[in-house]
Structure formats: C-alpha cells, structure tokens
Amino acid sequence: MSQKRVAAIHDISCFGKCSLTVALPILSAAGIETPVIPTAVLSTHTGGFSGYTFRDLTDDIMPVAKHWKKEGITVDAVYSGYLGSKEQIGLVMDAVREIKNDDTIMIVDPVMADNGKLYGGFAPDFPTEMRKLCETADIITPNITEATFMLGVPYRDGPYDEEYINDIISGLAKMTSGKVVLTGVFFDDERIGAACFDGKETSYAFSERIPTSYHGTGDVFSSTLVSAIMNGKSLKQATQIAVDFTYSCIKRTFYNHPEMKYGVNFEAELPYLLKML
Ligand code: PXL
C-alpha cells in the first residue's frame with residue numbers, strides 16, 4: 001500500500017496540545033504523510049488561557065493550495081479542524097478544490113463549541129457558515145453542541161436518550177450526504193463514546209467514563225479516526241479505535257492529575273494506538 005497523504009488544515013496553538021500539535025504527531029505516528037495548511041498561530045489555545053496572541057494566516061491559505069496545485073501535489077484526504085474566522089471556512093472550500101483529485105475524501109471536524117457554548121471569539125452565526133463546510137464533507141465529527149448549533153435545535157446536557165441522539169443523527173444525515181460520527185454521547189454515568197452513522201445504520205462505540213474533561217481531546221479523537229480510516233479501517237472500527245485511544249489518553253492523564261487546559265498525555269499512548277491500527 002502506498003503511503004497515504006492527508007492535508008491537515010487547523011491552527012497551530014503553540015502551547016496546549018490541540019489542533020496541529022495533536023493532528024501532526026498522531027497522523028505521522030500512524031504512518032501518514034501530513035502536509036499542513038496552518039490557519040493561524042496562537043501562543044496557546046483559547047480555552048482557559050487569557051492574553052493569547054493570534055496571528056491570522058487567512059491570506060496564506062489559497063497561495064499554499066495554489067502552489068501545491070502548480071507542483072502537481074494532491075492528497076488522499078483533507079482533514080480540517082479549528083478555523084479562525086468565517087472567511088476561512090469559504091477559503092478552505094476553495095483550497096480543497098485546488099488540491100483534491102477524484103478520490104480525495106474530506107473530513108471536517110467543525111471545531112467551534114462544547115458544553116452548550118461557542119468557543120471565545122466566534123460570532124453567533126459561525127455555526128451557519130460551518131454547516132456549509134460540513135455539507136460538502138464525506139465525514140463529519142461534531143460533538144453534540146456543534147451538531148445542535150448547526151441544526152438550530154435545542155442543546156441539552158446529558159445523560160441523553162436514544163431518541164435525542166437519533167434525532168440529531170438524522171438531522172445531520174439530511175444536512176450532509178457524508179457520514180457522521182457524533183462525539184460526547186452518553187446514556188448513563190458509566191460509559192461515554194460516539195455514535196457512528198455510516199450512511200446505512202447507526203452504531204455506538206463506548207468506553208468507561210472518567211469524570212473529567214481535558215482540552216484537545218476532540219482533536220485527539222478526530223486525528224485518531226482519520227488515522228484509522230487511512231489505515232483501511234471501516235468507519236465503525238475507526239470510531240471504536242478513536243474512542244478507545246481517547247479514553248486511554250484521558251485515563252493516563254487523570255491519574256497524574258495535570259491541569260485540564262494542558263491537554264492529555266497522548267504521546268505516551270501512541271504505541272498503544274499503533275497496536276490497534
Ligand atoms: O481543540 C480545539 C481548539 C483548537 N484550536 C484553538 C482552540 C480550540 C478550542 O478551544 O481554542 C485555537
């Protein structure tokens with residue numbers, strides 16, 4: 001099998017283990033060539049730090065994509081995450097047109113919100129724009145807040161029931177012709193995981209629920225999912241691998257009790273990921 005190439009389009013949060021500083025090591029460890037289009041450079045992520053710097057790279061997105069096109073560089077997949085502005089969403093769609101071939105798949109993690117709230121710096125109409133990007137995707141990986149914001153339906157705190165999750169999944173399945181992996185699904189306090197709609201049926205992948213949350217675990221999850229898909233796993237298998245790996249990172253970090261905003265120790269768990277792949 002020739003080496004897969006995935007373009008990762010996210011910001012670089014210089015400190016805080018999320019976006020490109022998570023996607024790049026996980027995909028690389030999984031054997032995937034990972035060219036990047038950085039959308040912005042921040043001193044830290046925006047969740048829990050104040051006074052962070054923000055260097056906007058909007059003007060570089062299209063020149064990078066056009067240069068790749070001129071060089072004949074195409075990719076097997078594009079994996080987008082945190083985008084710094086509404087304008088960048090449209091530019092990502094344009095950039096993908098430059099670098100895709102007939103077989104390129106587009107995986108969109110509509111990173112913008114959690115726990116019923118938009119991340120700092122996003123205007124209330126940001127989900128409407130992000131929805132447009134998701135409509136063009138082959139696979140989307142929203143959490144429940146992001147899904148409900150894009151669908152314009154009420155957000156609820158968990159535990160959830162199957163009816164609520166099924167309604168969200170069918171809303172998303174109507175919104176995009178792509179497949180859906182919905183994260184942050186839990187029906188009781190014991191287990192948490194993801195619902196996966198592969199275009200035909202919905203399945204669930206769960207792990208033990210650890211009563212905490214760490215920044216950047218959405219990026220760990222989606223980067224792992226992309227890695228598993230590129231290594232030939234089905235969406236259902238990839239979802240279980242992403243749930244298991246994210247859980248193992250949280251568990252390891254929890255027992256060492258670091259700060260939530262510092263993210264998880266995914267590095268120490270990478271050998272475990274490679275075994276699952
Ligand atoms: O992990 C998502 C993420 C990525 N990049 C930046 C963020 C966040 C979440 O807050 O602030 C800059």
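Select strand E2 (residues 36-44) together with strand E3 (residues 54-56): the two pair in the antiparallel sense over three bridges. To see one position in this pairing, display Ala40, which stands opposite Asp56 in E3. The model on the screen is predicted.

Keep E2 selected and add strand E1 (residues 6-15). E1 and E2 pair in the parallel sense, and six bridges connect them. Which residue of E2 is the bridge partner of His10? The partner is Pro38. While a strand is displayed with its side chains, one rule is useful: in a regular strand the side chains alternate between the two faces of the sheet.

Next, select strand E4 (residues 75-80) and strand E5 (residues 100-108). These strands run parallel and are joined by five bridges. Within this pair, Ala77 has Ile105 in E5 as its bridge partner. Now follow the chain from E4 to E5: the path passes through helix H3 (residues 86-99), and this β-α-β crossover is right-handed.

Stay with E5 and add strand E8 (residues 139-140). E5 and E8 also pair in the parallel sense, here over two bridges. Display Ile107 and find the residue opposite, Ile139 in E8.

The tour now turns to the ligand. Select the ligand and the residues that surround it: Asp11, Ser13, Cys18, Ser19, Leu42, His45, Thr46, Tyr82, Val111, Tyr119, His215 and Asp219. By type, this shell comprises five nonpolar, five polar and two charged residues.

Three side chains deserve individual attention.

- Asp11: an N or O atom in this side chain is 2.8 Å from a nitrogen atom of the ligand.
- His215: a polar side-chain atom lies 3.4 Å from an oxygen atom of the ligand.
- Asp219: a polar side-chain atom lies 2.7 Å from an oxygen atom of the ligand.

How much of the ligand's 320 Å², exposed when the ligand is taken alone, does the protein bury? The protein buries 97% of that area.

Finally, select the cysteines. How many disulfides does a search of the whole structure find? The search finds zero. Begin with Cys14: the closest cysteine sulfur is in Cys18, but the distance is 10 Å, so the two are too far apart for a bond. Cys18 is also one of the residues surrounding the ligand. Then move to Cys134, whose closest cysteine sulfur is in Cys196; because these sulfur atoms are 16 Å apart, they are too far from each other for a bond.

Terms used:
Residues numbered from 1 in each chain as written. Predicted model: local features only at pLDDT ≥ 70, side-chain atom pairs only at ≥ 80, totals over all residues. Heavy atoms only, no water. Near = heavy atom within 4 Å. Polar contact = N/O pair within 3.5 Å; in protein donor to acceptor, adjacent residues only side chain to side chain. Areas by Shrake-Rupley, 256 points an atom, 1.4 Å probe, with all protein chains shown as cover. Nonpolar A, V, L, I, M, F, W, Y, C, P; charged D, E, K, R; others polar. Pairing = 2+ DSSP bridges. Helix = DSSP H or I, 4+ residues; strand = E, 2+ residues; numbered from the N terminus. Right-handed = clockwise from strand over helix to strand, strands pointing away. Disulfide = S-S within 2.5 Å.
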